[in-house]
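Okay, hi everyone, thanks for squeezing me in. I've got one structure to walk you through, so let's put it up on the screen.

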Amino acid sequence: MMAQSALHTNENKLSRAASFAIRLITLPPVMALCAISILHFQLGFFPGTSFPFALFCLSFLPLLPYPICLIIPSLRYRGRFIQRGMAVVFSVIGYVTGTAYCLLNNLHGMELCIFLSYLLSGAVIALLSFCFRFKCSGHASGMAGPITLLGMQVSPVFFLCYLLLIPVFVSSLQLKRHSKEELVAGALTPALLLLLLVPILG
């Protein structure tokens with residue numbers, strides 16, 4: 001009986017470790033890095049210095065709070081809550097800065113569309129979270145947005161990457177980060193925004 005209990009405990013630990021690994025690999029800034037790089041090298045979006053600037057705004061800034069929280073003890077002891085809060089703030093700064101950069105540098109096509117989709121998705125998620133207590137999944141949003149973008153702009157084959165949402169959903173449910181409804185809403189938000197924005201701005 002004790003052996004069975006120990007085996008079950010080990011299986012749970014391995015399952016949770018796998019779920020954490022899945023969420024780490026599919027972090028929204030990582031997906032943004034992949035999508036922006038593919039769009040830049042395949043289609044020439046984000047020309048010149050706008051390419052590293054886009055990576056800075058969409059990938060570097062959102063990830064920056066995590067090493068900051070590890071380095072500063074007073075933040076590290078406050079755990080995931082402070083990390084998540086800082087990541088949201090840094091992400092919003094990146095989205096606003098990137099949108100302003102596009103407007104000031106006459107990047108009014110897909111570049112502006114991409115930043116606006118991130119900015120508006122963040123606004124929708126924030127509105128649902130703070131006003132309606134519906135914790136729409138930013139992780140699912142950060143996955144679905146780049147996939148939708150690549151599927152619309154590069155090749156429909158990229159729509160197959162929606163299958164990657166399955167392990168993300170499963171890991172989030174296992175770790176009790178979100179409900180099914182919150183995950184679906186998070187994935188739909190950027191997809192619907194891009195369907196609206198791309199025909200207008202792209």
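Let me start with a question: does Val184 count as buried, partly exposed or exposed, and why? Have a look while I give you some background. Keep in mind that this is a predicted model.

So, the overall picture. The protein chain has 10 helices and 0 strands. If you read the elements from the N terminus on, you get α-α-α-α-α-α-α-α-α-α. The radius of gyration is 18 Å, close to the 17 Å that the globule rule gives for 202 residues, so the chain is as compact as a globular protein of that length. As for dimensions, the C-alpha trace spans about 65 × 40 × 35 Å along its principal axes.

Now, contacts. Take those in the chain with a separation of 6 or more: 65% of them come from residues 24 or more positions apart.

And the inside versus the outside? Out of 202 residues, 42% count as buried. The chain exposes about 11100 Å², and 74% of that is supplied by carbon and sulfur atoms.

Right, back to Val184. You'll find Val184 in helix α10, which covers residues 180–201. Its relative accessibility is 41%, and because buried means under 20% and exposed means over 50%, Val184 counts as partly exposed.

Val184 also has company. Together with Leu188, Leu192 and Leu195, Val184 forms a nonpolar patch on the surface. Those four residues have about 370 Å² of accessible area together.

That's my bit, thanks for listening!

Note on methods:
Residues numbered from 1 in each chain as written. Predicted model: local features only at pLDDT ≥ 70, side-chain atom pairs only at ≥ 80, totals over all residues. Heavy atoms only, no water. Patch = residues over 30% accessible without salt bridge, like charges linked within 9 Å, V, L, I, M, F, W, Y side chains within 5 Å. Areas by Shrake-Rupley, 256 points an atom, 1.4 Å probe, with all protein chains shown as cover. Salt bridge = Lys/Arg side-chain N within 4 Å of Asp/Glu carboxyl O. Helix = DSSP H or I, 4+ residues; strand = E, 2+ residues; numbered from the N terminus. Buried < 20%, exposed > 50% of the residue type's maximum accessible area, 1.4 Å probe, protein only. Rg over C-alpha atoms; globule rule 2.2 N^0.38 Å. Contact = heavy atoms within 4.5 Å.
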